[in-house]
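Work through the exercises below with the sequence and the structure at hand. Try each task before reading its solution.

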Amino acid sequence: MSTENSNNDVEAAARIARRRSIAIAVMLGVMVVLFYAATLVRFGGAIANKV
Amino acid sequence: MTMQSDIGQADLLMEPSVSDYIQLMKPRVMTLVVLTALAAMVAAPGSLHPVIGLIAILSIAIGAGASGALNMWYDADIDARMARTAARPLPRGRVSGDEALSFGIVLAAGSVMTLGVLVNWTAGALLALTIAFYMFVYTMWLKRRTPHNIVIGGAAGAFPPMVGWAAVTGDVSIQSILMFLIIFMWTPPHFWALALYRCRDYERVGVPMLPVVAGLAETRRQILLYSLFLVPLAVAPYFVGLGGVTYLAVSVVLGAIFLWLAIRVYRTTEGREADKVAKQLFWFSILYLYSLFAVLLVESAVLRYLHAGVV
């Protein structure tokens, strides 16, 4: 019985850790996209010609 | 028996989940912060590219979340002993103090840097001031020391519209200060209404809220006084060109209801009815502030759209 409970706990903890990792990955992805978009907006088009 | 002993064993064994971290950021407070900041951004003269506007709002929201996490880290000891806060992630043992602290610091630094670098540094500096004020002035200094904790500490919750305004205009103006003052004057009656029916909680953990220190009668008097200042102040945006006729009508009608409830709180001093009226004022005060800024937001957006159509 206690082994079963402990297995459930391990599975639940692994599930939570996986969800947390996905959330962090999504957050990082969103940040990269936002910073990329903000850089484009800030510098405008044809950036190579401005250097 | 402490409230912490009611925690299920599973809570203590579990790793912190995404929802625990979201709770650390006080999402309900965040929604109000986002609404007030967004209303100020739309009402402010000038324009912002949608991408930069989105980044500004996200930064302000995350900055508010950082303040919430840092507040929960510092107040974990008293949160565990208050019914209203005992289910927060730290008292439940879902998130450790170190995790909450590092989460709050990373979010605070990240949001301020992002707002400063990608939007402008006036807004970034105001956001940094907001977080620092909430953490150091309200949470660490005033909250456990003086019954004026809410009055002065309320400034932290009042800064977001100034941050939003500064994100668009790059400066501070009379209109943004007026929005600050509305939230500043709204905070004491809002929290004191809550404290009226939760004062035993505050008393038990040693937080000197006004009802604990000065008594219920004085708190009711102060609620009425602040409401008398708040209601005309909330109408003022119409007269400085910030709100239109719709805003004027809504602020007058809701202000009258606010005052009526404050008078009822002042007069109803005995039994369950007193708690009931205080609860009504507490919940109505939330609706009141949401409505004022929602109307400001929608009206400004509509006027801007119509004006753009004419041009």
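## Exercise 1: chain A

Chain A of this predicted model has two helices and zero strands. Task: determine what share of chain A counts as buried, and how its radius of gyration stands against that of a compact globule.

Solution. Step 1: of the 51 residues of chain A, 0% count as buried. Step 2: a compact globule of 51 residues would have a radius of gyration near 10 Å, whereas chain A has 22 Å. Step 3: the C-alpha trace of chain A spans about 70 × 15 × 10 Å along its principal axes.

## Exercise 2: the contact between the chains

Task: state how many residues each chain gives to the contact, and sort those of chain A by type.

Solution. Step 1: chain A gives twelve residues and chain B gives ten residues. Step 2: on the side of chain A that touches chain B, nine residues are nonpolar, none is polar and three are charged.

## Exercise 3: the two domains of chain B

Task: find which elements of domain 1 of chain B give two or more residues to the side that touches domain 2.

Solution. Step 1: chain B is divided into domain 1 (13–172) and domain 2 (184–311). Step 2: the C-alpha centres of these domains lie 21 Å apart. Step 3: the contact takes 23 residues from domain 1 and 25 residues from domain 2. Step 4: on the domain 1 side, the elements are α3 (27–43) and α8 (149–158) of chain B. Step 5: α3(B) gives the most, with seven residues. Step 6: the residues of the domain 1 side divide into 14 nonpolar, four polar and five charged.

## Exercise 4: the largest nonpolar core

Task: describe the largest nonpolar core and one of its residues with the most contacts inside it.

Solution. Step 1: this core has 99 residues, and B:M41, B:A56, B:A69 and B:V163 have the most contacts inside it. Step 2: helix α10 (residues 174–205) of chain B supplies the largest share, 15 residues. Step 3: domain 1 and domain 2 of chain B each contribute at least three residues. Step 4: leaving aside neighbours within four places in sequence, B:A56 is in contact with B:M41, B:L48, B:L115, B:V119, B:A123 and B:A167.

## Exercise 5: a residue of helix α12

Task: is B:F229 buried, partly exposed or exposed?

Solution. Step 1: B:F229 is found in helix α12 (residues 216–235) of chain B. Step 2: 15 other C-beta atoms lie within 10 Å of B:F229, so B:F229 is partly exposed; a buried residue would need 20 or more. Step 3: B:F229 and B:W186 are 43 residues apart in sequence, with 9.1 Å between their C-alpha atoms.

How values were computed. Residues are numbered from 1 along each chain as its sequence is written. Chains are lettered from A and ligands numbered from 1 in the order in which they are written. This is a predicted model: local features need pLDDT of at least 70, side-chain atom pairs count only at pLDDT 80 or more; totals for chains, interfaces and linings use all residues. Two residues are in contact if their C-beta atoms, placed from the backbone, lie within 7 Å. Ala, Val, Leu, Ile, Met, Phe, Trp, Tyr, Cys and Pro count as nonpolar, Asp, Glu, Lys and Arg as charged, and the others, Gly among them, as polar. A nonpolar core is a set of buried Ala, Val, Leu, Ile, Met, Phe, Trp, Tyr and Cys residues joined through C-beta atoms within 7 Å. A residue is buried if 20 or more other C-beta atoms lie within 10 Å of its own, exposed if 12 or fewer, and partly exposed in between; C-beta atoms are placed from the backbone. Helices (H or I, at least four residues) and strands (E, at least two) are DSSP runs, numbered from the N terminus. Domain bounds come from an automatic or database domain assignment. The radius of gyration is taken over C-alpha atoms; the globule rule is 2.2 Å times the number of residues to the power 0.38.
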